[in-house]
Amino acid sequence: SQGEGVSFSLQDKLNIARRLAESGIDFIEGGYPLSNEKDVAFFEQIRQYHLSHEASIRSFGLLYWFGGGVMLFLGGAMIVQSLMEILDQRQIGFPFEIIMISAVYIVVGLLQITVARGIRKFTPNGKIGGIIFGMIGLIGFPIGTLLSGYMLYVLLSAKGKFIFSPQYQQVLKATPHIVYKNRIVLLLLIIVVLIVIVALFASIL
């Protein structure tokens, strides 16, 4: 498009970019947003086109933030409870099994929070972690299966692939004034899942 006498309209650039992204092209040069209004509009339209998908990805990142926090809390609570029982002489011997289980909770919680940061910042490592946790989450029938299946679709779709690409980072930097809104239905499902998780682990404790 830099040849003499060649000039694409905004819609032309959008159509070309979408076709290239759907074809699996890793790099798409969209122009320099500070150079002219057409390039600014191009980046804005690209962001708007992916905004709903972006919101879904960030919502799942939020889910892992909360889930990781719950795992850390439960792991710490189990350790504190075991120590209190030892001090009160209600526990005979050192509770190795409880400490090991607590350590697993804490490690998983830290991993979830790390993955959550990567997902919400659209990093490649965050995507890989999200896919791994999503595949594990398929076991949790039925709610876990539905949520994890949808998350895997979001991450592995053509839009998801582009959002986690270096080019989308350029789009984000060029459009800081565009903000997303979390999907209410998805957030409600996340809250329900968290309540179920907390209830289950509270019954175990």
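This is a short tour of the structure, going from the whole chain to a few places worth selecting.

**The whole chain**

Begin with everything displayed as a cartoon, keeping in mind that this is a predicted model. The protein has eight helices and zero strands, and read along the sequence the pattern is accordingly α-α-α-α-α-α-α-α. If you colour the 205 residues by accessibility, 37% of them count as buried. Switching to a surface display shows what the protein exposes, about 12300 Å², of which carbon and sulfur atoms supply 68%. Among the contacts with a separation of 6 or more, 74% are accounted for by residues 24 or more positions apart.

**Helix α5**

Next select residues 143–156, which form helix α5. The 14 residues of α5 should span 20 Å at 1.5 Å a residue, and the C-alpha atoms at its ends are indeed 20 Å apart, so the expected and computed spans agree. Now show the side chains of L147, S148, M151, L152, V154 and L155, the buried residues of α5. Around the axis these residues cover an arc of only 160 degrees, which means that they lie on the same side of α5. Turn the helix over, and the face turned away from that buried side carries the exposed residues L146, Y153 and L156.

Stay on this helix and select Y150 together with Y153, both of which lie in α5, three residues apart, or about one turn of the helix. Their rings form an aromatic pair, with 6.2 Å from centre to centre and 35 degrees between the planes, and the pair is tilted. How exposed are the two residues of this pair? Y150 is partly exposed, because its relative accessible area of 29% falls between the cut-offs of 20% and 50%, whereas Y153 counts as exposed because its relative accessibility is 52%, over the 50% cut-off.

**The aromatic rings**

Widen the selection to the aromatic side chains, for which the count comes to seven aromatic pairs. One of them joins F122 and Y168, whose ring centres are 6.2 Å apart and whose planes stand at 80 degrees, so this pair is edge-to-face. The pair links distant parts of the chain, since F122 is in the loop between α3 (96–120) and α4 (124–137) while Y168 is in helix α7 (residues 166–174), 46 residues apart. Both F122 and Y168 are buried. Add F162 and F164 to the selection, and you will have one aromatic cluster formed by F122, F162, F164 and Y168.

A ring with a charged neighbour comes next: select Y49 and K159, where K159 lies over the face of Y49, at 4.4 Å from the ring centre.

**From α2 to the end of α7**

For the last stop, find D39 in helix α2 (residues 37–87). D39 counts as buried because its relative accessible area is 7%, under the 20% cut-off. Select A174 as well, and the C-alpha atoms of D39 and A174 turn out to be 9.8 Å apart in space, although the two residues are 135 residues apart in sequence.

Then move to T175, which is found in the loop between α7 and α8 (184–204). Is T175 buried or exposed? T175 is buried, with a relative accessible area of 0%. Leaving aside residues up to four places away in sequence, T175 touches F43, E44 and R47, so showing those three side chains completes the view.

Terms used:
Residues numbered from 1 in each chain as written. Predicted model: local features only at pLDDT ≥ 70, side-chain atom pairs only at ≥ 80, totals over all residues. Heavy atoms only, no water. Phe/Tyr/Trp six-rings, centres within 6.5 Å; stacked < 30°, edge-to-face > 60°. Helix = DSSP H or I, 4+ residues; strand = E, 2+ residues; numbered from the N terminus. Buried < 20%, exposed > 50% of the residue type's maximum accessible area, 1.4 Å probe, protein only. Lys NZ or Arg CZ within 6 Å of the ring centre and 35° of its normal. Expected span 1.5 Å × (residues − 1). Arc of directions from axis to C-beta. Contact = heavy atoms within 4.5 Å. Areas by Shrake-Rupley, 256 points an atom, 1.4 Å probe, with all protein chains shown as cover.
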